[in-house]
Structure formats: structure tokens, C-alpha cells
Amino acid sequence: MTGPSPTFIARQGPERWTVLVWAKPGGSVDAVDGVLDGRLMVKVRAKAVDNKANQAVAAILAKRLGLRARQVEVVSGLTGRRKTVAVTAPEEPDWSVLASGRGCFATPSGKGDRTMEARDLELISMHGENDAELKALYEEHVSYEKILEKLENKPYLTPAEDLEVKEIKKKKLAGKTKLEAILKKYRNTEEN
């Protein structure tokens, strides 16, 4: 593979990498669906029962990366959403195959924009320390993501919680618009 690996990928030695995953079991589709809290979001239809969701996460990644099932294994987070998946291969996989469509690593989910492009995440990590506004906007974006995730995982929302979700989505969108303007400036600088 050429170029840097995504932030959720770490080399662990020769022929071994780990992928930080945020699993969403019990969904309507099996899909790689963006980046959440620095982790690759993987939706699976399988329920989180009898290790079925873990097997589904590994199978999706193996298929996307063109590897055999035995080369991809959930090694930690077996009972939680935050998982670490080990990938073993003679050569570094082409991580870009995890991407689809305009949004990095995203497929349409119908739940609004829960993704950031890989290049944008790289720009944020490169410039965030020196650009206080960029850093603050990104941290706010992540904070809103966490709140929305928590609320949307509830089986039922009260009317007040439903209103809160709508307000947070509006604030998140406004912040993302500002964030996008700053990132556009950095993208244009790189292109020139």
C-alpha cells in the first residue's frame, strides 16, 4: 500500500496489523459505515449473541480486504462495541478498499452524516495542534457524536430527548460547516 494508513490502523509487527473498530450489531445491513471516535464503524446484521457479531465483523473486514476469514480475528472487546481486530497478511492490505462513495469508509445509513473523510481526519491530526479553532470544532463534533450515539441507542426517546437530538444535530451540522471551511483551506494549500 502506498501513503499513510488510516488512524484506526496500527502495524503490530511483520505481517500483522490491528484495526480499531466500533461495532454496531443488530442492524439492517452488513456495512463499513464511517469513522466514529477514531474507530472504523462496522454495522452487522448479526446480534451480539454467541460471538455472532464478532464473527460477522471479522468476515466483513476479510471480504473487503480480500483476505481469508482465518486472517482476520477480533482479539479484544469481545463483549463490547469497541473492538480490536487483528489482521495477518504477508503484505500490507490496501486499506483504501474499506472506503466507498464520497464519505470515507461510508455507505448511506439514513442517520445523517456520521462520517469524515480519511483525508480530513489526517488534516485534523496534522493541523489540529496548531489551529485552535480546528481542534475545538473537531472535539465538539466528536462530543456531539457521542451524545447522539448514546441517545439513539435508547429503545425509546422521551419528547424532551427527541427535541435534544434535533438540537444537537443542528449544532453538529453548523459546526461541521465551519470545520469543512477550515479543512477546505488546508486542502487547497496542499494542492498548490
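This report describes the fold, the strand pairing, two helices and the nonpolar cores of one protein chain, as seen in a predicted model.

**Overall content**

The protein chain holds four helices and six strands. Taken in sequence order, these elements follow the pattern β-β-β-β-α-β-β-α-α-α. Of the 192 residues in the protein chain, 41% are buried. Among contacts with a separation of 6 or more, 53% join residues that lie 24 or more positions apart. The accessible surface of the protein chain is about 10900 Å², and carbon and sulfur atoms account for 53% of that area.

**Strand β6 and its partners**

Strand β6 (residues 82-88) pairs with strand β5 (residues 72-76) in the antiparallel sense, over four bridges. Within this pair, Glu 73 stands opposite Ala 86, and Val 72 has Val 87 as its bridge partner. The two strands form a hairpin with five residues between them. Gly 77, in the turn of this hairpin, has a positive phi of about 80°.

Strand β6 is also joined to strand β2 (residues 16-24), again antiparallel, by seven bridges. Here the bridge partner of Val 21 is Lys 83. Is β6 enclosed or open to its surroundings? Five of its seven residues are buried, so β6 is largely enclosed by the rest of the structure.

**Two helices**

The table sets out the spans of helices α1 and α4.

| Helix | Residues | Number of residues | Expected span | Span between end C-alpha atoms |
|---|---|---|---|---|
| α1 | 52-65 | 14 residues | 20 Å | 20 Å |
| α4 | 159-191 | 33 residues | 48 Å | 47 Å |

For α1, the span agrees with what 1.5 Å a residue should give. For α4, the span from the first C-alpha to the last is close to the expected one.

The buried residues of α1 are Ala 53, Asn 54, Ala 56, Val 57, Ala 58, Ile 60, Leu 61, Ala 62 and Leu 65. Their cover includes β2, β3, β4, β5 and β6. Just after the helix, Gly 66 takes a positive phi of about 75°.

In α4, the buried residues are Glu 161, Val 165, Ile 168, Lys 172, Gly 175, Lys 176, Leu 179, Ile 182, Leu 183 and Tyr 186. An α-helix has 3.6 residues a turn, so residues three or four places apart point the same way.

**Nonpolar cores**

Which residues touch the most other members of the largest nonpolar core? They are Val 19 and Leu 61, in a core of 28 residues. The elements giving two or more residues to this core are β2, β3 (31-36), β4 (39-43), α1, β5 and β6. Helix α1 provides the largest share, eight residues.

Beyond its neighbours within four places in sequence, Val 19 is in contact with Phe 8, Ile 9, Leu 40, Lys 83, Thr 84, Val 85, Val 87 and Trp 95. A second, separate core has eight residues, among them Ile 124, Leu 179, Ile 182 and Tyr 186. Of these, Leu 179, Ile 182 and Tyr 186 are also listed among the buried residues of α4.

Note on methods: Residues are numbered from 1 along each chain as its sequence is written. This is a predicted model: local features need pLDDT of at least 70, side-chain atom pairs count only at pLDDT 80 or more; totals for chains, interfaces and linings use all residues. Side-chain values use heavy atoms; hydrogens and water are left out. The expected span of a helix is 1.5 Å times one less than its number of residues. Buried means under 20% relative accessible area, exposed over 50%, partly exposed in between (1.4 Å probe, protein chains only). Contact means heavy atoms within 4.5 Å. Accessible areas come from the Shrake-Rupley method with a 1.4 Å probe; for residues, only the protein chains shown count as cover. Two strands pair if DSSP finds at least two bridges between them. A nonpolar core is a set of buried Ala, Val, Leu, Ile, Met, Phe, Trp, Tyr and Cys residues joined through side-chain atoms within 4.5 Å.
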